[in-house]
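The following exercises are to be worked through with the sequence and the structure at hand. Each task is followed by a solution in steps.

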Amino acid sequence: MAFNVLIVDDSQIMRKVIQKTVAISGFEVGDCWEAGNGQEALEIARGKWIDLILADLNMPVMNGLEMIRELKRDDLLARIPVVLITTEGSEKRLEEIFALGVRGYIQKPFYPETIRDVLEKIMEAEGA
Amino acid sequence: MLEGIEKKAVQVTLKVFETMFFMPLSVIEEDDEATAGSAGSNLSSLRGEIEFSGPSSGRLMLSLPRDLVNTLAGGALSDGEGAITEAHLLDTVNELCNMICGNLLSTIDNKSVWDLSLPKTLSDPFPENEGEAGNRIVNLNFEADDYPLRLQIQWTE
């Protein structure tokens with residue numbers, strides 16, 4: 001089964017790196033959308049069917065935490081699992097993001113196997 | 001807290017380049033630095049910079065030749081996505097600084113929260129003045145694909 005994925009990162013280069021690594025990992029992707037910040041991501045998520053969001057934390061305009069709060073306020077979008085892909089790795093910051101309902105966390109730099117394991121586990125839990 | 005910082009910085013830098021850009025690096029030892037410096041002196045370089053704060057504060061700078069950044073950006077972009085632009089080059093250097101700095105700090109202390117600035121990339125070389133008095137400075141030199149790279153971390157407790 002292939003999943004529609006939305007990649008949210010202010011770095012175009014990093015969005016491409018994530019997209020390629022996910023492809024190499026063997027995790028099946030259907031349509032892949034890109035957004036440069038949380039605001040753009042919300043606009044795309046309101047108009048497309050998205051199964052999974054992979055998001056950075058530190059972004060201009062609307063950061064990852066603000067985007068997650070907005071998603072959770074929206075009855076239609078709250079169902080979309082969010083996985084953060086970020087350089088942040090402190091225990092306190094992880095507690096904060098998981099308290100917001102983030103489903104997974106991957107620290108940059110990452111290996112394809114790490115991505116596949118995290119994403120497959122989450123989508124299995126979703127019943128997909 | 002900064003014990004073994006050089007070793008940790010080397011490990012993190014190698015991992016970032018190899019894992020995210022499939023670019024193996026080698027460390028240049030002190031004895032070889034003069035040779036590496038002269039080899040790269042004629043190359044146009046980009047210098048990325050990111051500031052951090054938390055249990056301690058400071059900044060990390062990474063300098064690398066424009067041609068190498070072009071190779072890294074080209075590897076990340078797929079065929080058919082157009083020419084590599086200056087924005088792609090700056091984006092690549094910024095992301096390298098962000099990943100190296102973020103990983104290094106969480107390797108040093110993952111209990112505390114570190115705040116990183118948005119990285120910026122400049123076309124000028126490393127500043128002659130290597131930090132203020134009392135700062136701890138870490139200088140590391142690498143080589144990738146015959147290009148020299150330089151990493152500097154300045155710590156203010």
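## Exercise 1: Helices on the sheet

Task: In this predicted model, describe how α1(A) lies across the strands of chain A and state the angle to β2(A).

Solution.
Step 1. The strands crossed by α1(A) are β1, β2, β3 (52–55) and β4 of chain A.
Step 2. The direction of α1(A) is at about 165 degrees to that of β2(A).
Step 3. A further helix, α2(A), also packs on the sheet, where it touches β1, β2 and β3 of chain A. The direction of α2(A) makes about 160 degrees with that of β1(A).

## Exercise 2: The order of the strands

Task: Determine the order of the five strands in the open sheet of chain A, and explain why one side of β2 and of β5 is left without a neighbour.

Solution.
Step 1. The order is β2-β1-β3-β4-β5 (chain A), with parallel pairing.
Step 2. At the edges stand β2 and β5 (104–107) of chain A; each has a single partner strand, so one side of each lacks a neighbour in the sheet.
Step 3. On average, and with direction ignored, neighbouring strands of this sheet are turned by 20 degrees against each other.
Step 4. Consider next the pairing of β1 (residues 3–8) with β2 (residues 29–35), both of chain A: the two are parallel and share five bridges. Here Leu6(A) stands opposite Trp33(A) in β2(A).
Step 5. From β1(A) the chain passes through α1(A) to β2(A), and this β-α-β crossover is right-handed.
Step 6. Strand β4 (residues 82–86) of chain A runs parallel to β5(A) and is joined to it by four bridges. The bridge partner of Val83(A) in β5(A) is Gly104(A).

## Exercise 3: Three pairs of helices

Task: Classify three pairs of helices by the angle at which their axes cross. Two packed helices are described by the angle between their axes and the distance between the axes.

Solution.
Step 1. The axes of α2 (residues 38–47) and α3 (residues 64–73) of chain A come within 9 Å and cross at roughly 30 degrees. Angles under 35 degrees count as roughly parallel, and therefore α2(A) and α3(A) are roughly parallel to each other. Their crossing is right-handed. Helix α2(A) contributes Gly38(A), Ala41(A) and Leu42(A) to the contact, and α3(A) contributes Gly64(A), Glu66(A), Met67(A) and Glu70(A).
Step 2. For α1(A) and α5 (residues 112–125) of chain A, the axes come within 8 Å and the crossing angle is roughly 75 degrees. The range from 65 to 115 degrees counts as roughly perpendicular, so α1(A) and α5(A) are roughly perpendicular to each other. In this contact, Thr21(A), Val22(A), Ile24(A) and Ser25(A) of α1(A) meet Pro112(A), Glu113(A), Ile115(A) and Arg116(A) of α5(A). By class, these residues are four nonpolar, two polar and two charged.
Step 3. In chain B, the axes of α3 (residues 66–76) and α4 (residues 86–108) come within 9 Å and cross at roughly 90 degrees. Therefore α3(B) and α4(B) are roughly perpendicular to each other. Among the residues in contact are Arg66(B) of α3(B) and His88(B) of α4(B).

## Exercise 4: The contact between the chains

Task: State how many residues each chain gives to the contact, and which helix of chain A supplies the largest share of its side.

Solution.
Step 1. Chain A gives 18 residues and chain B gives 24 residues.
Step 2. On the side of chain A, α1 (12–25) and α4 (91–99) each supply at least two residues.
Step 3. The largest share of that side, five residues, comes from α1(A).
Step 4. By class, the side of chain A that touches chain B consists of six nonpolar, six polar and six charged residues.

Terms used:
Residues numbered from 1 in each chain as written. Chains lettered and ligands numbered in written order. Predicted model: local features only at pLDDT ≥ 70, side-chain atom pairs only at ≥ 80, totals over all residues. Contact = placed C-beta atoms within 7 Å. Nonpolar A, V, L, I, M, F, W, Y, C, P; charged D, E, K, R; others polar. Pairing = 2+ DSSP bridges. Right-handed = clockwise from strand over helix to strand, strands pointing away. Axes fitted to C-alpha atoms, helices over the stretch in contact; angles between N-to-C directions. Parallel < 35°, antiparallel > 145°, perpendicular 65-115°, else oblique. Left-handed = near helix turned anticlockwise from the far one by under 90°.
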